[in-house]
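Open the model in a viewer with a cartoon view and side chains available on demand. The stops below say what to select next and what is there.

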Amino acid sequence: MSVLTRDEAQTRAELLDVHRYTIELDLTGGDDTFDSHTRIAFSARTDGDTFVEIKPAELRSVTLDGHPLDPRDLDGNRLPLKNLTAGEHELRVHAAMRYSRTGEGMHRFTDPTDGATYVYTQLFLDDVQRVFAAFDQPDLKAVFELSVRAPQEWTVLANGITEHTGDGHWRAAATPPISTYLVAVAAGPWHSVRTEHRGLPFGLHCRRSLAPYLDADADELLDITRACYDRYHEKFDEPYPFDSYDQAFVPEFNAGAMENPGLVTFRDEFVYRSAVTDTERQTRAMVVAHEMAHMWFGDLVTLKWWDDIWLNESFAEYMGYQTLTEATRFTDTWTDFGVTRKAWGYDADQRPSTHPVAPEAVDDTASALLNFDGISYAKGAGALRQLVAWLGEKDFLAGINTHFARHRFANATLADFIDSLAGATERDVHAWADAWLRTTGVDTLTPHIAPGDHGTCALTVDRAGGRPHRIAVGLYDRDLGDDGGQLVLRERLHLDLPQDGAHPVGKRPALLLLNDGDLTYAKVRFDPESFETVRKDLSGLPAPLSRAVVWNALRDAVRDGELAPGAYLETARAHLPLETDLAIVQGVLAFAATHITDRYLTPEERPAALATLSELCRDLIRRTEDGDNPGLRLIAVRHRIGVAAHPDTIAAWLADGTVPGGPELDPELRWRVLARLAVLGATDEAAIAAELERDPSATGQEGAARCRAALPDPEAKARAWEAMFGSDELSNYLFAATARGFWQPEQADLVREYVPRYYADAIPVAERRGPAIAAAVGRDAFPAHAVDADTLRLGEECLRDAAPTPALRRALVDQLDDLARALRVRESGRPA
């Protein structure tokens, strides 16, 4: 299949204006394919040749202006349209299209709980071709009219309000002009909760088997939706541009959500079957806010080409966190951003695959797909937060509203946006954009405190990197009261870097914290005295966001080989039992478990580290025995399960169905315990089958796949490997679940033979099954536990000598860089 290049897209956009798509889909033809009829009204500005994209199971007929074209002319995914004359044209395409099991195109899913079947589209980035014929590029916007024939008991959802016209036939209202990748259909026997807000229909939809769980959270979800909707209308002059707002929670979804106008699709893990923390509810709320922001950033005004992904994702990410903070009960969202999302950006920006937030050349769609990463989301949002701190929110919003007014229902570029901002301020936003959006890497800020006269000090900040920064600097003194261990903010300075001379700070503070409030995107270091304060008194910092900045700095220091992994664990052991912010607790424990114990420490050091984390989790469980903080207790229980080195305690929990003092083991916790017991060789196939009979849901199927792959048995490993690499039967979710169970540090000897096999087998399955599975092969199936020079060498040889698909190559480049970093961290931690 050919990918679309930027040059080809520009040439086609110069030739064509696309006016209207009329699409008829028939979903009643069986489990494998569906019928697709497309009528495209378009015009050519001059005489010329072009092509339309489609990936059919069978191309049945094509006519151009009433004249038949030969379906055999289809070349891969391109059907040539030759000898077009200037003027109006109509293209009609009839094809049979394949359903997907990988979350791309028209995904089909049968719920194992009740046998009900659902289908939905995910047409991003260039997967519209899997559903209907299209001139598939974002700057050829058009009106879409859609009709669907579906089984009688199904409901059909789409971008516009849908109407059932009888006998399983549904018609959706015509859309305003939108890009091809934003068209959406979701069909099945949905359970729906409907309401109106300010005259606009709102809807929530999920599988019938999840109905009680959606109903339990419907008020919360709708309250957040209404609050964000109202807040965006306070920020933006342009009103919500579509005729309805449906949110459908769909199965086996590859992303967190997708911003289809009027029909946002979410992964249905956001319909919680089991207990979750308030931070997880906050994350769900942020995704709601993020996707609604896209109705303006991405849907109303759309990027012209995929080099401006940040105009979609960075803005939605920034607006999601900021609007949630302003409009809902979730007022500490930037702490979660700092702990989780920002670390994602920092990691991505230090790999060989890094790229500017706004790259100047994205040559084709395959390259573009790789840029939906921690840079386009987290770094871009961090850069925008810095822009607002530098520019001021009033001017920032004025520039945004100018941008919407200039480009509504059209396409725009970075240059267009910067011009809109420039008109709202006297500041040089063009220079800012060059420094922040056209460069790569993370700046590092290091403080130096020089003594002055009469016990005073002065601050200078070294900046490794070339970006300007507006930062806050927190000066903290120790509280000398009875409690001890508390830090009191004396003053928060505001500095512009590079600075003009040293800045007086008065007497020497106990802690000097650069980037206090986390307003810029940069790594920060500590002066020696401040690091000693962090080691002793980190939990005494009063603001969660300040503590998040410190924990990120410690994380960065470990990854850069400047802080021993064991020292990070000691700091966690000392201060996490006193932490009150759930996002920080979860983030620190996750880094300690997945990076430090599993990668940065040697196999000989790992048992002691697991014991430390186990003791830490026991402390947190004891601290929450009074029931006052169920979210903290849940985090502690989850991680206690994950680091269990012996099966007795967690096996007893599973047998009793509860942790002593709570919580009771819901399905998520039961599968979590069983997976750890499988790793430890303390369960078997019979127990897994019994648990699956108890929970036959889709989540249960994934849990069973993970447990079976985790069994320390050669035959179990062989079956799992064959399912992943020898067969194409696993859906995207079952593939990921199997992969996550397969590699376990405790089983390194058992799976050693599979490490070289990985590189040989990953390439053909990625080629065969497409980008979504390729990403899972690189993300979930990679032998990340095998931190040794041989694994690195094998991977480098694969990249040099083989030809991985772009998605797999990018994943392998990132994994191998992380592996090399882990080796460096281990080396730096060895005694001289």
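Buried means under 20% relative accessible area, exposed means over 50%, and partly exposed lies in between, with a 1.4 Å probe and protein chains only. This is a predicted model, in which local features need pLDDT of at least 70 and side-chain atom pairs count only at pLDDT 80 or more, while totals for chains, interfaces and linings use all residues. Residues are numbered from 1 along each chain as its sequence is written, and side-chain values use heavy atoms, with hydrogens and water left out.

**Cysteines**

Select Cys617, which is buried at a relative accessible area of 1%. Its sulfur lies 20 Å from the closest cysteine sulfur, that of Cys707, which is too far for a bond. A disulfide is a pair of cysteine sulfur atoms within 2.5 Å, and a search of the whole structure finds zero of them. Cys206 is also worth selecting: it is buried, with a relative accessible area of 0%.

**Helix α1**

Go to residues 6-15, helix α1. Helices (H or I, at least four residues) and strands (E, at least two) are DSSP runs, numbered from the N terminus. Which residues of α1 are buried? They are Ala9, Arg12, Ala13 and Leu15. Looking down the axis of α1, these buried residues fall within an arc of 160°, so they line one face of the helix; the arc is that of the directions from the helix axis to the C-beta atoms. On the face turned away from the buried side are the exposed residues Asp7, Thr11 and Glu14. Show β1 (16-26), β2 (33-44) and β3 (48-53) as well, which are among what covers the buried residues of α1; contact means heavy atoms within 4.5 Å.

**Strand β14**

Next select residues 185-188, strand β14. In a regular strand the side chains alternate between the two faces of the sheet. Here Val185 and Ala187 point one way, Ala186 and Gly188 point the other way, and all are buried.

Two strands pair if DSSP finds at least two bridges between them. Add β9 (residues 117-122), which runs antiparallel to β14 and is joined to it by two bridges; Tyr120 stands opposite Ala186. Then add β11 (residues 155-158), paired with β14 in the antiparallel sense over four bridges. Thr155 stands opposite Gly188.

**Helices α16 and α18**

Finish with α16 (residues 630-642) and α18 (residues 667-679), whose axes come within 9 Å and cross at roughly 20°. The contact involves Leu634, Val637, Arg638, Ile641 and Gly642 of α16, and Glu668, Leu669, Arg672, Val673 and Arg676 of α18. Axes are lines fitted to C-alpha atoms, for helices over the stretch in contact, and angles run from 0 to 180 degrees between N-to-C directions.
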